[in-house]
Amino acid sequence: MCAKIVHYTFMISSVFMKPNLLFILTDQQRWDTIHSLNAPWMSTPNLDGLRTRGIAFENAYCPGATCVASRAAIFTGMYAHNTGAWSFQDWAHHRNIVHDLADGGYWCASIGKMHFMPRDAAGGFHERLVVENPSGTTNWGGNGDDAWGKYLAFHGRRRENNRQKTDPDWLKKFQCAPWQDEEHLHSDAFVANSARAWLRNHHDTGGAEPWFLEVGFPGPHEPWDPPQRWVDHYVQSDNLPTPIGWDDDLSEKPPQQKAHQQFFANCEAESRINMPEATLKDVRRMRAHNYAKISYLDELIGNVLGEAEDLGMLENTWIVFSSDHGDQLGDRRLPYKWLMYENVVRVPLLIVPPPGKTVPSETKDLVSLIDLAPTFLELAGLPISTRYEGRSLKPYLEGKRPESPRQAVFCEDNTQIMMRRADGMKLVHYLDGTPGELYDLNTDPEERHNHWADSEKRIPLEHELLQWLARRVYANAATRCNPGNETHFPGWRWAPTGGPELLGPGLQSYIPIPEA
């Protein structure tokens with residue numbers, strides 16, 4: 001009888017043991033920067049290892065084209081039109097995936113960059129070690145320096161601010177600034193070492209509850225400051241890809257693109273970069289430094305994963321790796337992000353199961369990072385609130401392609417809304433009425449030819465985008481009117497699903513409208 005009881009207890013604990021969740025998020029990393037995913041010029045053995053053990057979502061897109069807009073959507077599970085976070089607006093007051101995981105019994109920690117607005121908000125985490133952009137001003141956020149800045153000060157160093165003013169050669173460097181100090185002082189190394197320390201501490205003193213750990217690396221966001229040893233690896237390479245559309249004068253593109261180029265050529269910030277005057281040699285150097293920083297990140301990610309493995313903390317852990325958005329890296333002589341080109345909105349996404357579990361190696365279906373919140377919740381065995389606008393990716397992890405895979409992904413940032421369809425058609429709508437962008441990625445994968453003037457192709461896509469936007473606004477009205485209690489609406493008269501009536505009975509809940 002005792003043996004049976006012991007066996008029964010073991011089976012119950014195995015079946016109901018919630019997995020740990022490790023979310024590694026880099027900042028501003030293009031989709032085409034992992035060696036094993038068609039980037040032979042890259043050195044990324046640790047990310048290649050994750051790709052070998054997990055599933056690669058080869059057509060993953062971000063929900064925002066800049067850091068705050070994308071992260072707000074990823075963690076709240078809602079698009080900018082529902083959170084108000086189109087750019088650098090506050091978003092930490094919204095309920096997010098961390099609150100739901102914490103309420104579901106998870107111990108939640110964040111090490112590194114989250115880009116909450118305001119900066120130091122708890123955001124549902126039990127623990128936060130706040131690290132922001134390396135070039136962020138010392139007092140950004142109003143609460144003194146972040147943890148990395150204080151670490152620098154402890155070691156007698158100071159955070160670099162406004163080098164466009166202090167370094168007379170800054171504009172000639174095009175954001176290339178190899179790290180010259182001890183490597184443990186680098187912001188990305190600080191995040192990796194802090195994550196390793198958290199793993200050790202939690203292993204020794206943590207409770208029995210499952211954990212969710214977000215490791216947010218500031219890199220490869222500019223300035224591109226990898227150790228010189230990695231720079232040397234790439235500057236000697238002769239197979240780095242050349243920029244797309246180098247001779248494009250942007251005359252067929254919306255005027256916002258030329259304005260974007262000119263803004264960063266003249267802004268009074270450390271991000272100032274004069275792309276109109278850049279040469280191909282300058283861009284090649286930029287790319288070498290960016291790739292070097294990604295390889296350095298790969299090395300640091302390997303250190304974090306190695307620490308977790310040595311501690312036995314990967315035995316029941318799902319690993320998710322991605323980046324909040326990409327980077328132009330000089331394509332069309334344009335800097336950074338903000339715009340809706342593929343190399344900005346398409347991102348790497350790898351999901352790796354615990355040891356002993358297998359997943360398919362890849363899928364080419366369209367997915368969005370807004371799908372991660374419901375995916376985390378389903379992996380954790382927790383209910384998915386109706387406020388989440390994405391779709392769980394768990395069917396892919398089980399080898400079951402959804403019966404109705406996504407037909408489109410969407411991205412919102414500043415005054416732009418992008419729709420990228422599964423059939424290769426891509427529309428970018430500018431909210432100020434400026435003629436936008438329309439591309440056929442099947443025949444024009446580099447987005448050189450803007451077909452906005454083709455009304456026969458454009459108008460049906462505009463109607464589809466309008467339908468999507470209106471449905472999403474309606475579906476999430478409850479969150480805006482009744483925040484924190486999205487599943488219970490006494491007396492609300494939702495229109496019944498599938499019927500012609502405009503008003504339904506006083507319902508306690510409603511059936512969520514699925515996304516495209």
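## Rings, cores and buried residues in a predicted model

The charged end of Arg332 sits over the ring of Tyr341, at a distance of 3.6 Å from the centre of that ring. An arrangement of this kind also involves Arg346, whose charged end sits over the ring of Trp31, 3.7 Å from its centre. These values, like those that follow, were computed from a predicted model.

Aromatic rings also pair with one another, and the structure holds 18 aromatic pairs. In one of them, Trp91 and Phe116, the ring centres are 4.7 Å apart and the planes meet at 40°, so the pair counts as tilted, since that angle falls between the limits of 30 degrees for stacked and 60 for edge-to-face. Trp91 belongs to the loop between helix 4 and helix 5 (97–103), while Phe116 belongs to the loop between strand 3 (107–112) and strand 4 (127–130), so the pair ties together parts that are 25 residues apart in sequence. Both Trp91 and Phe116 are buried.

The rings of Tyr341 and Tyr439 form a pair that is tilted because their planes lie at 40°, with the centres 6.3 Å apart. This pair links distant parts of the chain, 98 residues apart, with Tyr341 in the loop between strand 6 (317–323) and helix 13 (342–345) and Tyr439 in strand 13 (residues 437–440). Tyr341 and Tyr439 are both buried, and Tyr341 is the residue whose ring lies under the charged end of Arg332. The two pairs are set out below.

| Aromatic pair | Distance between ring centres | Angle between planes | Separation in sequence |
|---|---|---|---|
| Trp91 and Phe116 | 4.7 Å | 40° | 25 residues |
| Tyr341 and Tyr439 | 6.3 Å | 40° | 98 residues |

Trp91 and Phe116 are also members of one aromatic cluster, which they form together with Phe23, Phe75, Phe125, Phe212 and Phe376.

In soluble globular proteins, nonpolar side chains tend to be buried together. In this model the largest nonpolar core has 63 residues, and within it Leu213 and Phe217 are the residues with the most contacts. Helix 12 (residues 280–310) supplies the largest share of this core, namely 13 residues. If neighbours within four places in sequence are left aside, Leu213 is in contact with Leu21, Leu22, Phe23, Ala109, Ile111, Trp198 and Leu199. Another core, of 61 residues, lies apart from the largest one, and among its members are Leu334, Leu377, Leu379 and Leu393.

Leu377 and Leu379 appear again in helix 14 (residues 372–379), where they are among the buried residues, along with Leu372, Ala373, Pro374, Thr375 and Phe376. Helix 14 is thus mostly covered, with seven of its eight residues buried, and Gly381, which follows this helix, has a positive phi near 70°.

Helix 6 (residues 147–154) has Ala147, Trp148, Gly149 and Leu152 as its buried residues, and what covers them includes strand 4 and helix 9. At the start of helix 6, a side-chain oxygen of Asp146 reaches to within 3.3 Å of the backbone nitrogen of Trp148, while the residue Gly156, which follows the helix, has a positive phi near 75°.

Burial is not limited to nonpolar side chains, as Asn82 illustrates: with a relative accessibility of 5%, Asn82 counts as buried because this value is under the limit of 20%. Asn82 is placed in helix 4 (residues 80–83), and its side chain makes polar contacts with the side chain of His81 at 3.4 Å and with that of Glu389 at 3.0 Å. Apart from neighbours within four places in sequence, the residues in contact with Asn82 are His94, Glu389, Arg472, Val473, Asn476 and Arg480.

Two cysteines complete the picture. Cys176, in the loop between helix 8 (170–173) and helix 9 (187–205), is buried with a relative accessible area of 4%. When residues up to four places away in sequence are not counted, Cys176 touches Trp224, Arg285, Met286 and His289. Of these partners, Arg285 is 109 residues away from Cys176 in sequence, yet the two are 7.6 Å apart in space, taken from C-alpha to C-alpha. Cys267 counts as buried too, at 9% relative accessibility. With a limit of 2.5 Å between cysteine sulfur atoms, the count of disulfides in the model comes to zero.

Notes:
Residues numbered from 1 in each chain as written. Predicted model: local features only at pLDDT ≥ 70, side-chain atom pairs only at ≥ 80, totals over all residues. Heavy atoms only, no water. Helix = DSSP H or I, 4+ residues; strand = E, 2+ residues; numbered from the N terminus. Buried < 20%, exposed > 50% of the residue type's maximum accessible area, 1.4 Å probe, protein only. Polar contact = N/O pair within 3.5 Å; in protein donor to acceptor, adjacent residues only side chain to side chain. Contact = heavy atoms within 4.5 Å. Phe/Tyr/Trp six-rings, centres within 6.5 Å; stacked < 30°, edge-to-face > 60°. Lys NZ or Arg CZ within 6 Å of the ring centre and 35° of its normal. Core = buried A, V, L, I, M, F, W, Y, C linked by side-chain atoms within 4.5 Å.
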